[in-house]
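Work through the exercises below with the model open. Each task is followed by a worked solution.

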Amino acid sequence: MRDTELLRGLLRVEDPWNVVESVLDIAHKRVDVRLEWKGPGRCPDCDRECPKHDHRERVWRDLDLVGDALYLHAVVPRVDCPEHGVHTVKVPWASGRSEFTDRFESVAIALLLEMSVAAVARRMAISWDHVDSIMMRAVKRGSERQAPQLVRHIGIDEKAFKKGHHYFTIVSNLDSGTVLWVGKGRKRETIDAFWRGLSREQLEAIEGIAMDMWQPYFESTFQYVPQAQNKIVFDRFHVTAYLTKAVDFTRRALMRDTSLDRTALKGTKYDWLRSVKNMDRTERRELSDLRRQYRQLGRAWAIKEHFAEFWRYRRESSARNFFRGWFHWATHSSFRTLSPWLTRSNGTSRISSPTFESRSPMPPRRALTVRSRW
Ligand SMILES: [Zn+2]
């Protein structure tokens, strides 16, 4: 098999395009592939065969080929349609003016579900601005077409860009791990637009929605999805992230407290954020000393650690019982910072699920049982 033939298959190049040349540059770890258009040009608007007007040389970055950066080159013809005028013919591997192929862009968006923007930029060897432009094009595509299939489990995540100066909302199919839709911003209107694009049948087919603890997502979902109160789920990752943030918030408040001897507290940021199961014996002893010295922070840490038990319950009633006790403990503790933080979360970002909220608070006895374990 000739290399051009192999590449034609690998890159899924179809008529009238053809692979005519490939160059491997081992020193620079890159592969350059040249594609050529054969036959008459067609108008992108009406698909009519038209005379070629001129052409443009273009380059796209494609997915790496065994670790080497892959670039597609093509001379893209422009046709002169008697009805629609001069237009560039559409290439099947990329959209609009993007410097990346469609498959490169979808991999970047899928990775964003699992990594930070910085990590995606690093992994794919592109700039933050490139990730940003990829997301903007995904938003445009999202507003042009609707999700066609029935999806049972949906994920809604926010992604911060430029240190939180702007946001994107990514909706994914959790069963297949694919991205369904991308919207600009993280407002209620942002996610409203996604729900509005779904049919009644699609909305009713949804069984579970895992989302960030973010009130606008919550409100929008309640408005559009039937029985949303039984479908919204906060996943372990997001809940743990909130609790970890609350502990760090408490630590920072202590660091600002000048009435306190903070010597031992300095440089311990990551000791409080780690889980006890990842510590060796010495580390555990050191943390236990710190907890005795800074009781308020020690308790915030204990509340965070204790919540890990929640995920072990298999029976709903036991999980509810645990949650009520834990929630009472966390919100009625004497320390200053974690308590209002949790209460605020409960009011505006809903740290607890709505079904938990509607129940009466735990009797104090149960809360004491939970507390006495620490
Ligand atoms: Zn035309």
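**Exercise 1. Which residue stands opposite G208 in β11?**

Solution. Some ground rules come first. This is a predicted model: local features need pLDDT of at least 70, side-chain atom pairs count only at pLDDT 80 or more, and totals for chains, interfaces and linings use all residues. Residues are numbered from 1 along each chain as its sequence is written. Helices (H or I, at least four residues) and strands (E, at least two) are DSSP runs, numbered from the N terminus.

Step 1. Find G208 in β11; H153 stands opposite.
Step 2. Move along β11: A210 has G155 opposite.
Step 3. Name the strands: β8 (residues 153–161) and β11 run parallel, joined by 4 bridges. Strands pair if DSSP finds at least two bridges between them.

**Exercise 2. Put the strands of the open sheet in order.**

Solution.
Step 1. On its other partner, β12 (residues 232–233), β11 has 2 bridges, again parallel. Here A210 stands opposite V233.
Step 2. β8 also joins β9 (residues 166–173), antiparallel, through 8 bridges. I156 has V171 in β9 as its bridge partner.
Step 3. β9 and β10 run antiparallel, with 6 bridges. S172 has V179 in β10 as its bridge partner.
Step 4. Read off the order of the 5 strands: β10-β9-β8-β11-β12, with mixed pairing. The edge strands, β10 (178–184) and β12, each pair on one side only.

**Exercise 3. Which face of β11 is covered?**

Solution.
Step 1. Recall the rule: in a regular strand the side chains alternate between the two faces of the sheet.
Step 2. Apply it to residues 208–211: I209 and M211 form the covered face of β11. G208 and A210 form the uncovered one.

**Exercise 4. Describe how α5 and α7 pack.**

Solution.
Step 1. Place α7 (residues 215–224): with β11 and β12 it makes a right-handed β-α-β unit. Right-handed means that, with the strands pointing away from the viewer, the path from the first strand over the helix to the second runs clockwise.
Step 2. Give the geometry: α5 (residues 188–196) and α7 pack at about 30 degrees, axes 8 Å apart. Axes are lines fitted to C-alpha atoms, for helices over the stretch in contact; angles run from 0 to 180 degrees between N-to-C directions.
Step 3. List contacts (C-beta atoms, placed from the backbone, within 7 Å). R188, I191, D192 and W195 in α5 meet P216, Y217, E219, S220 and Y224 in α7.

Key:
Buried ≥ 20, exposed ≤ 12 C-beta atoms within 10 Å, placed from the backbone. Contact = placed C-beta atoms within 7 Å.
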